[in-house]
Each structure stands twice: as structure tokens, then as C-alpha cells.
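Open your viewer and get a cartoon representation ready. We will walk through the model one selection at a time, with sheet, helices and contacts each getting a stop.

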Amino acid sequence: MSRQTSYPQLVLFGDSLFQAAASISDGFSFQTALQSQVLRRLDVVNRGLSGYNTSNALSVLPQLFTPPGPGVPHLKYLFVLFGANDAAVQIPTNFQHVPLDKYKANLKRIITHPNITAHKPKIFVVTPPPLDEIRVTEIDKANGHPAALRRTKVSASYSEAARQVAAETPGVTLLDLQKALMDRAIEKTPGFNPAGPALGDPEGGVRGYLEHLLPDGLHLSAESYRIFYELVRPHVETEWAGTPDEDRVGYVLPDWREASWLEEDSHLKGKSL
């Protein structure tokens, strides 16, 4: 009896920032671009869970990731992006907050969970993106909240915590999305004073180019997803880079020109149909 072929997986595990990565905006989809890059070698699996914090993620992790075994695809790459919801402030109308120390502990438990480490994947921790508190405040108050659910300085501290977790965990690579987006925003904001308030900070700051990168103050625009993809791309590209023929290396199923079943039709080799 033949065994079903299983493709190794690249998994995006996170909150709405990964869930929305499957969508097409302004002609671009982060997940589609990534899947196109690794087509026939890996399956890109989206496990973005809108609204989830790291405590929620730990609760469902055993349902999403199982140890290696018969019929279980190999987890080759894992990208983890949580923190935007953990950083929500404690107010009576929102229950997503996870204290900073617990967030760090949770994040480390996720990336060192035995169901994951048994696969020996390449693990990447992504920093939560910047926050445009000016815009978030407008939207949250319009939705009936007494104040903004998230704050610039608090969100920045969770991004820093993600950096620390990546640095403290052997074999884990940091992808600093927060820095990449803020660098772009500063570059595109004329007259920005780095010695003054941060972009998006209501205490004397301005939205600047964050308006284009974070349309609702929290979630990513197509431009932001393109920047994010450029952070990810080199880490899943190099082992297959080369000429078109070399790009076939790593295919789960053989290229049609190299397939064993062509022996009976050897006259077709080298000819396109």
C-alpha cells in the first residue's frame, strides 16, 4: 500500500495580524506571496487567530501542533506573532490584557513547547508592530470604549519583550517588524524629530506616515505586509535560490521532466506538451 505524500509545513501562528495575511489588499497578499515562493516544497499554513493573546494561544496549541508521527506533516518553519492583544490595557470593556512578565513567559512556552520542538523547526519570533494611538483612540471611543484599548508606550514594551525572548532562547531568530515599520514611517514623515514624541503618540506626537502603514492604528496595510514579507523572504529562500533548474531542488514530488513514469514515454523527455 502506498503512503500519502506529505508536504513539510511553514506555519504562521499568531493573532489577527497573521489571520489577515491571507487577504488580498491593493493587489498583494502576504500569505500568497510566501506560498508562491515555496510552492511544491512547503505548505504555508495560516494559524492566525483574531483576538487571541498568548494565554489563549497556549490553550489551543496542542490542538494545532502534534508531535511527529505517522501522517503528521513535518513542521519545518514556525513564525510566531503575538503581543498586540496582550498589550491591550485593562479597562472594563476589554479582557485581552496579559501582564508583561506573563507575556514573556507565555511566548517562551510557545516556542519551546515539546509538540513544536520535537519537529526541530526553524523558529522565528516577530515583534508586534508599532501602534498609532492617535487613530486607535478615535476608533475605540467611537465604538463605545471609555478610552483607547492600546497605548503607544505599552505596545512598545511588548515589542521589546519579544526581542528579549528571542535573544534568550537558543536557536530562535528575531524578525523585528516593529522596527522595520517604524523606520519606514520615520523615513516618510517630513520634519520628524527623533528627540520628540513617537509617531502615533497622542502626547504631542503626530500620525505621520503611520497613517499609511496602520490604517486603523493597529492592523497592517498592504504596504506594511510587503515590508513584512521582505523580512521573511530571505529566511525561506536561500536553500533554493539559483537557476531555474536548481530551483527544482527540494520538490516534494519530482519535476515532470524527471519523473520515473516517463520511462515508458522516453520520447517525451525534453519536450513541452
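## A tour of the sheet and its helices

Begin with helix α7, which lies across β4 and β5 and runs at about 155 degrees to β5. Keep in mind as you look around that this is a predicted model.

**Stop 1: the sheet.** Now colour the strands. In what order do the five strands of the open sheet come? Reading across, you should find β2-β1-β3-β4-β5, and the pairing is parallel. Select residues 43–48 for β2 and 172–175 for β5: these are the edge strands, and each has a pairing partner on one side only. If you turn the view along the sheet, you can follow a twist that averages 20 degrees from one strand to the next.

**Stop 2: inside the sheet.** Select residues 75–81 (β3) together with 122–126 (β4). This pair runs in the parallel sense, joined over four bridges. For a landmark, show Y77 and look for the residue it stands opposite, K122 in β4.

**Stop 3: from sheet to α2.** Next, pick residues 30–37, which form helix α2. This helix lies across β1 (9–14) and β2, and its direction is at about 155 degrees to β2.

**Stop 4: α2 with α10.** Keep α2 selected and add α10, residues 222–232. The two axes come within 9 Å and cross at roughly 30 degrees, which makes α2 roughly parallel to α10. The crossing of this pair is right-handed. Which residues of α2 meet α10? Show F30, A33, L34 and Q37 as sticks, then add their counterparts in α10: Y225, F228, Y229 and V232. Sorted by class, the contact of α2 with α10 holds seven nonpolar residues, one polar and no charged ones.

**Stop 5: α3 with α4.** Move to residues 54–64 (α3) and 100–111 (α4). Their axes are 9 Å apart, at an angle of about 25 degrees. Why do α3 and α4 count as roughly parallel? Their angle of about 25 degrees falls in the class of angles under 35 degrees, so the two helices are roughly parallel to each other. Here the crossing is left-handed. From α3, display T54, S55, A57, L58 and L61; across from them, K102, Y103, N106, R109 and I110 come from α4. That contact divides into five nonpolar, three polar and two charged residues.

**Stop 6: α4 with α7.** Leave α4 on screen and bring back α7, residues 152–168. This time the packing angle is about 40 degrees and the axes are 10 Å apart; α4 and α7 are therefore oblique to each other. The crossing is right-handed. Show L100, Y103, K104, L107, K108 and I111 on the α4 side, then S157, Y158, A161, A162, Q164, V165 and E168 on the α7 side. By class, the contact of α4 with α7 counts eight nonpolar, two polar and three charged residues. Y103 is worth a label, as it appears in the contact with α3 and in the contact with α7.

**Last stop: the annotated span.** Finally, select residues 12–227. UniProt, in an unreviewed entry, lists this range as "domain: SGNH hydrolase-type esterase". Put a distance label between the end C-alpha atoms of the span and you should read 16 Å. Helix makes up 40% of these residues and strand 12%.

Notes
Residues are numbered from 1 along each chain as its sequence is written. This is a predicted model: local features need pLDDT of at least 70, side-chain atom pairs count only at pLDDT 80 or more; totals for chains, interfaces and linings use all residues. Side-chain values use heavy atoms; hydrogens and water are left out. Axes are lines fitted to C-alpha atoms, for helices over the stretch in contact, and angles run from 0 to 180 degrees between N-to-C directions. Angles under 35 degrees count as roughly parallel, over 145 as roughly antiparallel, 65 to 115 as roughly perpendicular and the rest as oblique. A crossing is left-handed if the near helix is turned anticlockwise from the far one by less than a right angle, and right-handed if clockwise. Contact means heavy atoms within 4.5 Å. Ala, Val, Leu, Ile, Met, Phe, Trp, Tyr, Cys and Pro count as nonpolar, Asp, Glu, Lys and Arg as charged, and the others, Gly among them, as polar. UniProt positions are given in the numbering used here, feature names are shortened, and annotations may be inferred rather than shown by experiment. Two strands pair if DSSP finds at least two bridges between them.
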